[in-house]
Amino acid sequence: MARKKIIAGNWKMNMTPSEAVALVNTLKPLVVNDDVDVVFCVPAIDIIPAMEAAKGTNINIGAENMYFEEKGAFTGEISPAMLVDAGVKYVIIGHSERREYFAETDETVNKKILKAFEHGLTPIICCGESLKQREQGITIDWIRQQIKIAFLNVTAEQAATAVIAYEPIWAIGTGKTATSDQAQEVCKGIRDLIAEMYDAATAEAVRIQYGGSMNAGNAAELLAKPDIDGGLIGGASLKPDFGQIVNA
Ligand code: PGA
């Protein structure tokens, strides 16, 4: 069974609520494509207005983060139930910026993933190596460790529905994209690991995105690779280019 492609925007800390509505309205005619799952992961405060603006379209509104507790004294955090109640289906977990600036670890990423599944949310699980790690030749080892910890206690049924985003840190926001062969190599390595940890059917089902300076110019080549099932797009998700990526 062919995996459906999934193209997700990661707006990061951009767009006020009114700007978010305007951007959804600009992009909605450009991202129409029934063969692709289209997701806009937006700042928490933009979720409800963006959801409203996207009503009746093929756009799914997702979140960029959530906390792993149910509720309570966690000032400033967003709970899974809040996302579900707002109509969210996808949530980015463990983006490298969360790991770098907000002290997220493989362990907190694992807790968030388990909590997301418990609430029926689909996590978009981020992994990726630094430039130093790539130069040291430990890319695959590093990614395997990140994924192994991220999936601790995740069942095969859950894993099959997960989205994994392979995002080399050196390619994020730098304009420096991994070559399609480099991206394919790691995405295949991730799929092989899922087969090892679970089984062939789970590995066949899991969707793996590439992220890191994906744009209208390089998307088609990356998305043509057998183990690249989509993209997680930062900068280019805020522009009409995003429509070109969806249709690439
Ligand atoms: P970029 O960001 O497309 O701007 O490189 C990707 C990401 O951080 O998800």
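## Two helices and their buried sides

On the other side of helix α2 from its buried residues, Ile48 and Glu52 are exposed. That helix is a good place to start reading this structure, which is a predicted model. From there we move on to α7, a helix of 12 residues, and then to a few single residues worth finding on your screen.

**Helix α2: a buried side and an exposed side**

- Helix α2 runs over residues 47–54, and its buried residues are Ile47, Ala50, Ala53 and Ala54.
- Around the helix axis these four cover an arc of only 130°, which puts them on the same side of α2.
- The cover over the buried residues of α2 includes α1, β2 (36–42), β3 (59–63) and α3 (80–85).
- Just after α2 comes Gly56, whose phi is positive, at about 80°.

**Helix α7: its length and its buried face**

- Helix α7 spans residues 139–150. From its first C-alpha to its last it reaches 16 Å, close to the 16 Å expected at 1.5 Å a residue.
- Which residues of α7 are buried? They are Thr139, Ile143, Gln146, Ile147, Ile149 and Ala150.
- If you look down the axis of α7, the buried residues fall within an arc of 165°, so they line one face of the helix.
- Several elements pack against the buried residues of α7: the helices α4 (96–101), α5 (106–118), α6 (131–135) and α9 (180–197), together with the strands β5 (122–127) and β6 (163–166).

**How α7 meets α9**

- The axes of α7 and α9 are 10 Å apart, and the two helices pack at an angle of about 45°.
- These two helices are therefore oblique to each other, because an angle that is neither under 35 degrees, nor over 145, nor from 65 to 115 counts as oblique.
- Where α7 passes α9, the crossing is right-handed.
- On the α7 side, the contact is made by Thr139, Ile140, Ile143, Arg144, Ile147 and Lys148.
- On the α9 side, the contact is made by Glu185, Val186, Gly189, Ile190, Leu193, Ile194, Glu196 and Met197.

**How α7 meets α5**

- Helices α5 and α7 also pack at an angle of about 45°, and their axes are 8 Å apart.
- That angle makes α5 oblique to α7.
- From α5, the contact uses Asp106, Glu107, Val109, Asn110 and Ile113.
- From α7, the contact with α5 uses Gln145, Gln146, Ile149 and Ala150.

**Two loop residues with positive phi**

- Lys12 lies in the loop between β1 (5–10) and α1 (17–27). Its phi is near 55°, a positive value in a residue other than glycine.
- Asn153 is found in the loop that links α7 and α8 (156–161). Here phi is near 65°, again a positive value in a residue other than glycine.
- Is Asn153 buried or exposed? Its relative accessibility is 67%, so Asn153 counts as exposed.

**A buried aspartate in strand β2**

- Asp37 sits in strand β2, one of the elements that cover the buried residues of α2.
- With a relative accessibility of 15%, Asp37 counts as buried, because buried means under 20%.
- What does Asp37 touch, not counting residues up to four places away in sequence? Its contacts are Lys4, Lys5, Ile6, Ile7, Tyr90 and Arg207.

Methods: Residues are numbered from 1 along each chain as its sequence is written. This is a predicted model: local features need pLDDT of at least 70, side-chain atom pairs count only at pLDDT 80 or more; totals for chains, interfaces and linings use all residues. Side-chain values use heavy atoms; hydrogens and water are left out. The expected span of a helix is 1.5 Å times one less than its number of residues. Buried means under 20% relative accessible area, exposed over 50%, partly exposed in between (1.4 Å probe, protein chains only). The arc is that of the directions from the helix axis to the C-beta atoms. Contact means heavy atoms within 4.5 Å. Axes are lines fitted to C-alpha atoms, for helices over the stretch in contact, and angles run from 0 to 180 degrees between N-to-C directions. A crossing is left-handed if the near helix is turned anticlockwise from the far one by less than a right angle, and right-handed if clockwise.
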